[in-house]
Amino acid sequence: MELIWLIPLVPLAGFLLNGLFGKSFSKPVINTIACGSVALSFLLSLNAFFGLLRLAPESRSFEYILFSWIPSGSLNADVGFLLDPLSAVMILVVSGVGLLIHVYSIGYMAHDEDYSRFFTYMNLFMASMLVLVLANNFVLMYVGWEGVGLCSYLLIGFWYEKRSATDAGKKAFIVNRIGDFGFALGIMLLFWTVGSVHFATVFNLAPQQLAYGGGIITAATLLLFLGAVGKSAQVPLYVWLPDAMEGPTPVSALIHAATMVTAGVYMVARCNVLYMLAPTTLLVVAVVGMFTAFYAATIGLFQNDIKRVLAYSTISQLGYMFVACGVAAFGAGIFHLMTHAFFKALLFLGAGSVIHAMSGEQDMRRMGGLKSKLPVTYTTMIIATLAISGIPLFSGFFSKDEILWQAFSSRFGSPLLWVVGLLTAGLTAFYMFRLIYLTFFGQRRYDDHAASHVHESPRVMTVPLIILAVLSVIGGYVGLPKALLGGAWFERFLHPVFAKGAEIGKLAEGAGESHATEYVLMLAAVAFVVLMIFTAKRYYLDRAKDSEQFEHGFGGLYKLVYNKYYIDELYDRVIVNPLVKGSNLLWQKFDVLIIDGFFNGAAWLAGQWAISMRKLQTGMVRSYAFVFLGGAIFVIGYLILSR
Amino acid sequence: MDSAIAPYLFYLFSFVVVVSGLLVVTLRDIFHCALFLILCLFSVAGIYVLLGADFIAAVQVLLYVGAIAVLMIFAIMLTAKVSGIGIKQQNEQVPIAIITTVAFVAIALYGLGKTIWNIKTDVAIPDNTTMAIGKLLMTTYVVPFEIVSVVLLAALIGAIVIARRN
Amino acid sequence: MSFPNVDFALLSPSLIVCITALLTMLLVPFLGEKRQVVVAHLSWIGLSIALFAVSQQIGKNATTFGGMFLGDDFSQFFSGIFIVAAMLTIFTSIDYLRRKENEHGEYYPLILFATYGMMVMASSSNLLVIFLGLEIMSVSLYVLAGFARTELKSTEAAIKYFLLGAFATGFTVFGIAFVYGVTGTFDVAGIINAAFGQSNVDTFLIIGSALLLIGFGFKVAAVPFHMWAPDAYEGAPSPITGFMSAGPKAAAFAAMLRIFSVGFGSTVPHLQTLFWIVAVATMTVGNIIALRQNNIKRMLAFSSIAHAGYILIALVVGTGEASSAAALYLLAYALTNLGAFMVIALVDSGAKHDEFTSIDTYTGLARKRPFLGLALTLFMLSLAGFPPTAGFMGKFVLFKAAVSQGFYVLIVIAVLNSLVSVFYYLRVVVKMFMTEPDGQPVEVPAVPVFLMVALAFAVAAVLLIGVYPQGWFNFAGLSILGAN
């Protein structure tokens, strides 16, 4: 466990190697460095995880301070790493899924000219993300937070010749700035009131120093949550994520599905003590999460771009995780984070495999009938779809069910949350199966030219798919709930991290409704999901010809949803355009008139001064000495006259 | 020194210092300027004597009057055709210079007016300051004394570097 | 009346530097014109021995010569800065002088003498000794600034620097004389003892401290005593410009910290407010004028003025934390600026006589010489105060020390100023990376071995302090404790 500091450092070394010398390396060397470094951090993470397991549950927290970083006075931030059950899960997910996606990228990016640049950015991302989840204080976490943001920006705009890609990168960057601003303010507010940025210290002192539900803690947690809203693409700052699909698909899988976007959830879970102190914020978190989950799911219903469907699905699933956090079921949130990382990464990689096979086509209306052409991709994607839809025995079922149950039964939950959650689950099942039917079933809807290229992806891409498919199935069993004769091992493992928060929130373990209620709710959810799957089957498989008619049958609603509620247009009109116009105005009026005027005026004044003082300019040294003497008189005069 | 005439001598020397100083910066013949500089420095030495600082007075005469002023005159004589030519001793900065000077004098006078003079009368002035200074230089002030030699050495090298033929 | 006890170990660093200077000076006439470079090598070897000697004296905090010479950690910290600055300057100069066909061995002893003078300045709290150190340093620098005698600009720089410097020296001497007249001592601690707690502060003490402020203000190029700096920086040979901005500035601030931070600050009323005004004026004037410079040396001269303004904040605040922050700042600034001038000297030495110092010279440099471009970019970022560079850490600890004492307005002004400064530092970077040279690009010579070593050292140091400031800050902090 003493080696945890190496976990982020190894990919950083990979980044430096490939970044400095990548141009002169051959592809196998680049692969070895990039994937090898991530594999090494995965092994180190495993080692750390098992090291942690050997300890007694109460003492599973280990800090390693690499060196003191900002030492001055009261602000003490170290480059220090914290290993506890929460960060252990996170590093395993990040490095494990990251490794699979790195390997997959070898195949996916094989023909790209900027091969080394891609892996350089990817390794930098891994390093930043691992710093983010391993940091033992807010400042270092913020460094990781900004680091992943930077990598996200670089990778979205990876194909920078494409205007839309650079625009999307910029959009992600700017929207995230809003969130990061809140995050930074939140950290400052905490530092100001609690006097530390060190996690353990803050979480120890905050309950003593800040009133329960008081204004300060509510403001601080809301500001932190603003950061999470930006990074994890929640309403209203979600608009960057769908556009982020402009990046290469492995990037979408790694950054915009499995890891970076879950950083907000991780941060809220990490700060569970603070959030438990602020019930108002918890309510805000739950409502924002639920609204986002439902809202994004409706947009996902009728999108035609395969990656965009997945993007909205990601936003929706992230909403679920926030619902879990908002009802103080942080363990359930992290559980869903993990299973979601598996099946969503798989979905994206599968979609990437499809796009790869279709020579870059992303519109599902021009796919269809790929089932037999891409057997591995098809099978694995079916598994992932079953998982995300919450079909029993697949991982997503356990985690989603846990969240729904907590939303219903928790002290902070309500039946209303459960109802909306259930609706969302149904919508999810619908659009996911719509995706499957449009892509893999039915008539071939692409031209012969494309057909000649269709092929299953190489081994280096399918093997990660298969591994992820296995994980998507079995990943849920670590958290098998008690109601299904499991031991809820996952939540017990995480419990030490959330114990203090639970204490504050007066959450009694095992309290709540009987198992009977749980079974009823579970059954209702499954039934509704299956119903929605059959609806999808009816309109997109059995009566595929009428599907368009079916969609248009919703009339205005369809248009509204299809156009994503016109939110981008709204933002453009209400925020962006006025800003652009305003800055244009500033540029034209303020800059040209005032700033330039100031400088021109200053130049004019200087000229005038020069003319009137020409007598002073006979000899340079003389005038220097004169200014000197004037200053001397000022200094002496000031001191004497003001005594 | 007889204390009865000392004040008169002080005013006499001060008057000479000020007048000769003014002449140094106003006369147009640089040779005359140098001569008045010697007079000025000499009068300063007189004030030192009045203050009982006989060693300083001697050094003043030896170094400034004897060495430096003579060096200046040599420099003027050796530099072709500098002496005898009327050089310009003032420029367009005169009005500004006057304002600056007046401001400085005003502030100085104000400060002096506010000053409570801390006159110590019980300080014994040693009869032979030369001996006392010599001892101090070799004991208490040996560090500065040694460092001064480095200052001079650095200046010497600097002068050689600048004056060297390329 | 006995000869004071002398602790030669304590004196060893400065003695070694002085003796090296004397020996190399004696050697110069015996070396042929072709072998003047031997002097350079002997000089840096002597300096490295002196650096070792400094490291041996850390933590002793002793005095010798009856308190005239202090060997506390404060002086060791600054001696370290001076010696490193001198070594880096020598490394930069070897090839520079050869290319400029100005290889005269006296150059190196003069650098050593200047270094010795700075070490004397930082190693005493006796006004007389500080003044003598100042003079050794200044006299050597006047000559070094004019070392390129065939260049009109260099001679002009030397003359201006010398005339105004002599003018400023007058103020310093008068200040010391007044202070001595009031308190009867040259020692800073003695001065405070004599003056502290007096209900009516003596007018002459006030005038004395004002005159000292003016004299030292000239040496650090504080507004309005800064007028010499741009001309002197522009005209002096490039390695000397780097040296001037690193060593003498740190030395003058070391003396100021000793004299004002623990001395007059508490005894003379309104001195703090005066420093406030001077600091704000210095950083603002420096930054604003730097915006419009087209010569990189001149731009860095104004930048150096602006940095003096930031460091003056430490004198406004006057706490131990601020002083150690200033010490760290000076270290960071010295290393950064020396590094920047290494690149500038290299580019400059591409021309035999006239100088390649216009910012336009740097157009497209990074494309042809990426490592040089990256190095200069790093130094510019450090000067502008971007993390994770030394410059950021210096600003951070300094501003924090001021904020903790409630100087909010001052820090807001300082931060706004650093924002302004970003513009002209990044202008160089933009020129190097983003623009294509029109016409014939300037031929930049290959990096010689010694310069390579020095450049690598500067880059590593700037990054190291930026990433790991703890150790340095502790040392600087300890050294200030030693000085109090």
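These notebook entries follow what I looked up in a predicted model, first its confidence and then two contacts that involve chain C.

Conventions. I number residues from 1 along each chain as its sequence is written, and I letter chains from A and number ligands from 1 in the order in which they are written. Because the model is predicted, local features need pLDDT of at least 70 and side-chain atom pairs count only at pLDDT 80 or more, while totals for chains, interfaces and linings use all residues.

Confidence. I noted ipTM 0.87 and pTM 0.66 for the model. For chain C the mean pLDDT (the predictor's confidence in each residue, from 0 to 100) is 87, and 93% of its residues reach 70 or more.

Chain C against chain A. I counted residues as in contact if their C-beta atoms, placed from the backbone, lie within 7 Å, and the contact takes 29 residues from chain C and 20 residues from chain A. On the chain C side, helices (DSSP runs of H or I, at least four residues, numbered from the N terminus) H6, H8, H11, H16 and H19 each supply at least two residues, and H8(C) gives the largest share, 6 residues.

H3(C) against H13(C). I found that the axes of H3 (residues 73-99) and H13 (residues 320-348) of chain C, lines fitted to C-alpha atoms over the stretch in contact with angles from 0 to 180 degrees between N-to-C directions, come within 10 Å and cross at roughly 0°. The two helices, H3(C) and H13(C), are therefore roughly parallel (an angle under 35 degrees) to each other. Among the residues making this contact I listed C:Phe77 and C:Tyr96 of H3(C) and C:Leu338 and C:Phe341 of H13(C).

How values were computed. Two residues are in contact if their C-beta atoms, placed from the backbone, lie within 7 Å. Angles under 35 degrees count as roughly parallel, over 145 as roughly antiparallel, 65 to 115 as roughly perpendicular and the rest as oblique.
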